[in-house]
Amino acid sequence: MTDVFIIGKGPAGISAALYTIRAGFSTTVTGKDMGALGKADRIDNYYGFAEGITAGELFENGIKGAERLGVTVLSEEVLDIGFADGAFKITTDRGLHEARTLILASGASRKVPPVKGLKELEGRGVSYCAVCDGFFFRQKDVCVIGNGRYAVSEALHLTPTSAKVTVLTGGRELEADAKELLEEAVKNGTENLFVENAKVSEVTGDPMVERVVLEDGRSIEASGVFIAEGTASATDLARKLGAAGPDGKLMLNEDMSTFVPGFFAAGDCTGGLLQVAKAVADGAIAGTAAGKYLRSIGKKA
Ligand SMILES: Cc1cc2nc3c(=O)[nH]c(=O)nc-3n(C[C@H](O)[C@H](O)[C@H](O)COP(=O)(O)OP(=O)(O)OC[C@H]3O[C@@H](n4cnc5c(N)ncnc54)[C@H](O)[C@@H]3O)c2cc1C
């Protein structure tokens, strides 16, 4: 049994671990891969790196720092979580772990729709992050693939700087809360945001994205395509503990605690600004709150 188990070894999970281990609590972190940093190239907007830093280096440094302080860092994939006999039970692809507190820091789910050209043009006009990459498409036409609130909110990060932003729903209706967000933006004066419901067959361009081809034969000129499908997969896990609302979103208090005692969340999986700085801050808050909770129940593994 560990005091703290953290799902996710990205900036949020590792930051949380630094706080729990330094507060004297045994801490285990697991992550199946590099998460969002695995898709990023350079990080130029994080405090303290005069020349920026590669995403890979930032990820590795984070883990090394945590291990130096005594955190156990695993590479197991979490398949299920539950609570029984006073402990969280975490089932991974390698076995079962038990913990007194659990911090979910599993990042945002970035589902890639099965559209030809998306994978090939990743980093060459295809992006997963409007706030990170929107800057590169100033005064250009861009598309956002997705039909949920996340897609519209990504689109709204782009409208102030891009010439025209088209949300491609891929043959689906825009979800109700996404529609609401879009209508509110239009009411508030956003004029360059459009919705296209036709299915997308291909994204083309060489060497950079040039257009999106629709299944009905039409095409849309675009310099950038942002993928914003689905919502954070963390909600699937949170639901298992009753920490997600009926809309699937994590219900959180200010200290990143959920309504389930001992269960916290941090980073991209909690929504809002999907950036390293916010993930690290969330992790610090969640880690501190987990330590406070452990002290309040007066137990130590
Ligand atoms: C292309 C791109 C460019 C970006 N550029 C920037 C930038 O320039 N500046 C900036 O500040 N931010 C940037 N970001 C965003 C930044 O990478 C994220 O905000 C940050 O990494 C979020 O940290 P996190 O710890 O919440 O999640 P992540 O870094 O996504 O980490 C999630 C962790 O959870 C693990 N995980 C998920 N599910 C499971 C499971 N079931 N079992 C076990 N482990 C699991 C993953 O393997 C991973 O270890 C960029 C993102 C992308 C995609």
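Q: Which helices each supply at least two residues of the shell around the ligand?
A: In this predicted model, they are α1 (11-22) and α7.

Q: What makes a residue part of that shell?
A: Its C-beta atom lies within 6 Å of the ligand. In this structure 36 residues surround the ligand, and the closest are Gly10, Gly31, Gly35, Gly107 and Gly267.

Q: Why are glycines counted as polar in the shell?
A: Because the class definition places Gly among the polar residues. By class, the shell has 17 nonpolar, 12 polar and seven charged residues.

Q: Which domains does the shell draw on?
A: At least three residues come from each of domain 1 (2-109 + 231-297) and domain 2 (126-227).

Q: What makes the largest nonpolar core a core?
A: Its members are buried nonpolar residues joined through C-beta atoms within 7 Å. This core has 85 residues; Ala265 and Val144 are among those with the most contacts inside it. Helix α7 (residues 276-297) gives the most, with eight residues.

Q: How do you know that alanine 265 is in contact with Ala286?
A: Contact requires C-beta atoms within 7 Å. Ala286 is listed as a contact of alanine 265, and so are others, including Ile103, Leu104 and Leu250.

Q: Why do β10 and β16 count as paired?
A: Pairing needs at least two bridges. Strand β10 (residues 141-145) and strand β16 (residues 224-227) have four bridges, in the parallel sense, so they pair. Valine 144 stands opposite phenylalanine 226 in β16.

Q: What makes β9 and β12 edge strands?
A: The open sheet runs β9-β16-β10-β11-β12. Strands β9 (126-127) and β12 (193-196) each pair on one side only.

Methods. Residues numbered from 1 in each chain as written. Predicted model: local features only at pLDDT ≥ 70, side-chain atom pairs only at ≥ 80, totals over all residues. Buried ≥ 20, exposed ≤ 12 C-beta atoms within 10 Å, placed from the backbone. Contact = placed C-beta atoms within 7 Å. Domains from an automatic or database assignment. Lists of a residue's contacts leave out its neighbours within four places in sequence.
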